[in-house]
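Work through the following exercises with the coordinates open, and compare each step with the solution given beneath it.

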Amino acid sequence: MSPGLDAMLRANYPLIFTVKRAAPRDDFCIPDSQRPIHARGFECGDGWFDLIDALCVQLQAATKNGAPQVVATQVKEKFGRLRFYSCGQNDEQEGMIELAEAISARLCEVCGNRGRIVEDRWLRTRCPEHAQSLFRS
Ligand SMILES: [Zn+2]
């Protein structure tokens, strides 16, 4: 993800992406310093920015209403889909994450337009335009 959008997500959702917890819960989550989101940022294209943003709005709204604080460990593309690895979520928040991951398979990872999973050497989600450029390169 481009640095500006990466920084925007971190700034807008510090409890999910950046803040170290006061009392680490290493029983269910890897230590804060080892969370890949710190070192590598969002390992996916800009086309999923709005999807991740909308997911975070919903996760934080649930937290405001009494659900646990979700802490992201890694956010990446894998097999053409968004993977939002996290800890702390309850079943409702897990459902939100699963829905966002499912929707990612229908949104171009490059531009966010409607897309589908295509295969070159890898599985990727692309709109028709970006699928073409994938096969030309
Ligand atoms: Zn596209």
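Helices (H or I, at least four residues) and strands (E, at least two) are DSSP runs, numbered from the N terminus. The model is a predicted one, in which local features need pLDDT of at least 70 and side-chain atom pairs count only at pLDDT 80 or more, while totals for chains, interfaces and linings use all residues. Residues are numbered from 1 along each chain as its sequence is written, and side-chain values use heavy atoms, with hydrogens and water left out.

**Exercise 1. Describe the chain as a whole.**

Step 1. Assigning the secondary structure gives six helices and five strands, and their order along the sequence is α-α-α-β-α-β-β-α-β-β-α.

Step 2. Of the 137 residues in the chain, 42% are buried, where buried means under 20% relative accessible area, exposed over 50% and partly exposed in between, with a 1.4 Å probe and protein chains only.

Step 3. Taking a contact as heavy atoms within 4.5 Å, one finds that 51% of the contacts between residues at least 6 apart in sequence join residues at least 24 apart.

Step 4. The exposed area of the chain is about 7700 Å², of which carbon and sulfur atoms supply 53%; accessible areas come from the Shrake-Rupley method with a 1.4 Å probe, and for residues only the protein chains shown count as cover.

**Exercise 2. Find the aromatic pairs and state which parts of the chain they tie together.**

Step 1. Rings of Phe, Tyr and Trp (its six-membered ring) pair if their centres lie within 6.5 Å, and planes under 30 degrees apart count as stacked, over 60 as edge-to-face and the rest as tilted. This rule yields two aromatic pairs.

Step 2. The ring centres of F17 and F42 are 4.8 Å apart with the planes at 70 degrees, so this pair is edge-to-face. Because F17 belongs to helix α2 (residues 14-17) and F42 to strand β1 (residues 42-43), the pair ties together parts that are 25 residues apart in sequence. F17 is buried at 0% relative accessibility, and F42 is buried at 2%.

Step 3. F17 also pairs edge-to-face with F84, at 6.3 Å centre to centre and 70 degrees between the planes. Since F17 lies in helix α2 and F84 in strand β3 (residues 81-87), this pair ties together parts 67 residues apart in sequence. F84 is buried as well, with a relative accessible area of 3%.

Step 4. F17, F42 and F84 thus make up one aromatic cluster.

**Exercise 3. Characterise F79 by its place, backbone and surroundings.**

Step 1. F79 sits in the loop between β2 and β3, and β2 spans 71-78.

Step 2. The phi of F79 is positive, about 55 degrees, although F79 is not a glycine.

Step 3. With a relative accessible area of 53%, F79 counts as exposed.

Step 4. Together with I117 and L123, F79 forms a nonpolar surface patch with about 250 Å² of accessible area.

**Exercise 4. Locate T63 and list its contacts.**

Step 1. T63 lies in helix α4 (residues 49-64).

Step 2. Leaving aside neighbours within four places in sequence, T63 is in contact with P68, Q69, V70 and Q93.

Technical notes. Patches are made of residues with over 30% relative accessible area and no salt bridge: like charges are joined within 9 Å, nonpolar side chains (Val, Leu, Ile, Met, Phe, Trp, Tyr) within 5 Å. A salt bridge is a side-chain nitrogen of Lys or Arg within 4 Å of a carboxyl oxygen of Asp or Glu.
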